[in-house]
Amino acid sequence: MKRILVLLSCTAALLLGACGKDSSLPQATGKASIRAINAIQTSQEINFLIEERTLGSVAYAAASAPARYDDLDYTFNFEVFYVGDTALRRIASQFIDIEANSPTVTLWVGDERTFDEADTAFEARFAHAIESRGALDYYFADPAISPALGNQVATLSFGEISQPADFEAGDFVLTITTAGNPGDVVYVSDTSAIAAQGAFIFLPLDGTTNTTAPVVLSAIDAAGNSSSLPDPRFPPTIQFINGSMDLGTSDIYDDELLTSQLVANHTYLDVSGELEIAAAEKTFYYTPSGPPTTVTLETPLTAFNGNRYRVVAAGVADAFIGIPLLPDRRPIETFAKLLLLQVSNNFDFVDVYAVEAGTSIDEANPVSFGLPTRQSPAPVSLAAGSYDIYITEFSEKVALAGPYRIDVVLGDVVDLIIVDTVDPAVLDALFLSGGPTP
């Protein structure tokens, strides 16, 4: 697999005077800015450095903010944290001569664009970072203009970027097709209104397990801000989970009149399939199973194309709550990921342990300390291996649930919800992926 990090260098027309006559020291001839783009689908956030000074941290499909520097010689470095290590590990630099299977750093160079007050245009560059695709054609035009051979603004192979081009501010649709075949659409955007005096890179990448679309696209501006432009051909999905023992068996509707039923007979701990929904502001209505009468729970959600959502019902009678989530199920190649959600009505806070299989928690520290009910913390990173998962009361070493034996390799995602049982002194774990070894 060819994985790329991108260094985008922009030179500015700003000259500096020499430090002294006949100096033997390196002399800067101007200023430049640099930013990094993370195009590695299975990466964690990557630290970006100029020499040994950190410039920022870059998530997948995002860019760092531009950093200014004198245009002398520098080495730009990339570092990540491998679970089990005690320090960040350097994985790449601008001059690549590193271990096998490390990312490639691709350097994109261009002038830093400036605009006059009266300018009515914006600048656009188009890049190709879709690992799974060969050469692509890019069409960027008014929504009324369909792609046709000869009208493409760029034809690119993986890792390439187009020369900058100016476009008058207005409404645009970006369509990406297989090179030479305008009918084979790889990606298409909604109509986007783009204002004057901006400079953008339109960067398509492979979709992930967090998305319904095979290709996602980021529009990155000159400040390093990244905006997602979803493909409207791939609507969002939603999955419902009943995590409230008090809620009982429910039906779920997506309209106030209770005529459009999405889920029937939603029992405690039931996990629905992933259901396609419209991209819109929506409210989901829970009623006791059967002919709809009383609404017991209303859960609002603003859904965007391409995303995979989840709603978990929680709470006690007369105080039910729907927890809308966009769980981060994207695998990371440097660690296994443990996703947690706590929805117990009987314990306000719990501790979660992940200890080496067969060992006690007596001398161990929890991987999640004081996890509040109805809260989902940041994912926990685990090294490859075999673990026992325990859930205990806050600051106590007596297990409320577990041990659950899990065997994980790098890139695995263990996704679980902590739930009540009929015994108020005992908890359980509902595993949605990466469950216990049989």
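**Strands and cores, step by step**

Student: Which residue is the bridge partner of Lys282 in E24?
Tutor: This is a predicted model, where local features need pLDDT of at least 70, side-chain atom pairs count only at pLDDT 80 or more, and totals for chains, interfaces and linings use all residues. Residues are numbered from 1 along each chain as its sequence is written, and side-chain values use heavy atoms, without hydrogens or water. Strands are DSSP runs of E, at least two residues, numbered from the N terminus, and two of them pair if DSSP finds at least two bridges between them. E23 (residues 281-288) pairs with E24 in the antiparallel sense over six bridges, and in E24 the partner of Lys282 is Leu301.

Student: Which residues form the covered face of strand E24?
Tutor: E24 spans residues 297-302. Glu298, Pro300 and Thr302 make up its uncovered face. The covered face is Leu297, Thr299 and Leu301.

Student: Which strand gives the most to the largest nonpolar core?
Tutor: Such a core is a set of buried (under 20% relative accessible area, 1.4 Å probe, protein chains only) Ala, Val, Leu, Ile, Met, Phe, Trp, Tyr and Cys residues joined through side-chain atoms within 4.5 Å. This one has 24 residues, with Leu338 and Ile406 among those touching the most other members. Strands supplying at least two residues each include E27 (336-342) and E32 (399-408). With five residues, the top contributor is E32.

Student: Why is one side of E12 and of E18 left without a neighbour in the sheet?
Tutor: The open, mixed sheet runs in the order E12-E9-E16-E17-E18. E12 (165-168) and E18 (226-228) stand at its edges, so one side of each lacks a neighbour there, as each has a single partner strand.

Definitions and conventions. Buried means under 20% relative accessible area, exposed over 50%, partly exposed in between (1.4 Å probe, protein chains only). Helices (H or I, at least four residues) and strands (E, at least two) are DSSP runs, numbered from the N terminus.
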